[in-house]
Amino acid sequence: MAARRRKRGARDSEPEIPSPPGYSAIPIKFSEKQQASHYLYVREHKVREGTKSSWPQKRTLFVLNVPPYCTEECLSRLFSPCGAVQSVELQEKPDLGDSPKEPKSKFFDPTPVPGFQVAYVVFQKPGGVSAAIVLKGPLVVSTESHPVKSGIHKWISNYVDSVPDPETLRVEVDTFMEAYDKRIAEEEAKAKEEEGVPDEEGWVKVTRRGRRPVLPRTEAASLRVLEKERRKRARKELLNFYAWQHRETKMEHLAQLRKKFEEDKQRIELMRAQRKFRPY
């Protein structure tokens, strides 16, 4: 009887899901037909004391091991039973949060990462994070009411989305340029206010502004400057002064002769093939 109870207890107990220390594992499946589960590892997003973060504290859930077929819309739907989701963002790797984030662009963002990613799920209330950590699965990603495209249907959708709408593109470019011009004007006004004003130690920052604005250096101009510097160094260098310089010069000369010999052989073979080779 005791042995039978032990077998029944071992059968009834659920296997523990391995997860990294400090994380909780949530099983998900692509569809109801799928038997195997994929695991998301979640925890509350925390940063060190005194460190700035672009994500609100106590309301952000950090998610690891997000599969490629799981989009931001899918994550928002999967975690919506835990509470109202404010925003979801997928990234290639964790964000340190020490720099201000630029708004995402539909046209000028880099190509999406073709692999597993991390996600930041921001809830409207802190209770959503605690509810998501104890969430049980498996959660289904693709359902009849919310199907997720895969295979050739996903490729067709990605191609259609890659063709930009001219009017939408123009509006986004105009908005970006307006924000850029405003930021440059604010920086120039701030620099003009601070011009001639001594700092805490009594130093005055001196700046020089010409009548003509400096043009940005192009790639061709940079190559010209580098070539000029190389010629200047070559004039100062003593040629064939050391023994190793003699050796390198001879080796380079032999390499050039071998290269020319191979080119001549190929040209003669080509002329023979075309019946144009007349040695005499």
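This briefing covers the nonpolar cores and the salt bridges of the structure. The model is predicted. Its largest nonpolar core has 26 residues. A search of the whole structure finds seven salt bridges.

**Nonpolar cores**

- Within the largest core, the residues with the most contacts are Leu61, Val63, Val66, Leu75, Phe79, Val121 and Phe123.
- Five strands each supply two or more residues to this core: S1 (24–29), S2 (38–44), S3 (60–66), S4 (85–91) and S5 (117–123). Helices H2 (72–79) and H3 (127–133) do so too.
- Helix H2 gives the most, with four residues.
- Val63 shows how these parts meet. Leaving aside residues up to four places away in sequence, Val63 touches Leu40, Tyr41 and Val42. Val63 also touches Phe79, as well as Gln117, Val118, Ala119 and Val121.
- Another core, of eight residues, lies apart from the largest one. Its members include Tyr23, Ala25, Tyr41 and Trp55.
- As a general tendency, nonpolar side chains in soluble globular proteins are buried together.

**Salt bridges in helix H5**

- Arg170 pairs with Glu167, and their closest N and O atoms are 2.5 Å apart.
- Both residues sit in helix H5 (residues 166–194). They are three residues apart, about one turn of the helix.
- Arg170 is partly exposed, at 43% relative accessible area. Glu167 is also partly exposed, at 43%.
- The pair belongs to a wider set: salt bridges link Glu167, Arg170 and Asp174 in a network.

**Salt bridge in helix H6**

- Arg231 forms a salt bridge with Glu227, with 3.8 Å between the closest N and O atoms.
- Helix H6 (residues 219–236) holds both partners. Four residues separate them, about one helical turn.
- Arg231 is partly exposed, with a relative accessibility of 42%. Glu227 is partly exposed as well, at 31%.

**Salt bridge in helix H7**

- Asp264 and Arg267 meet through their side chains in a salt bridge, at 2.7 Å from N to O.
- The two are about one helical turn apart, because they lie three residues from each other in helix H7 (residues 243–273).
- Asp264 has a relative accessible area of 21%. Buried means under 20%, so Asp264 counts as partly exposed.
- Arg267 is partly exposed too, at 47% relative accessibility. The cut-off for exposed is over 50%, so Arg267 does not reach it.

Methods:
Residues numbered from 1 in each chain as written. Predicted model: local features only at pLDDT ≥ 70, side-chain atom pairs only at ≥ 80, totals over all residues. Heavy atoms only, no water. Core = buried A, V, L, I, M, F, W, Y, C linked by side-chain atoms within 4.5 Å. Buried < 20%, exposed > 50% of the residue type's maximum accessible area, 1.4 Å probe, protein only. Contact = heavy atoms within 4.5 Å. Salt bridge = Lys/Arg side-chain N within 4 Å of Asp/Glu carboxyl O.
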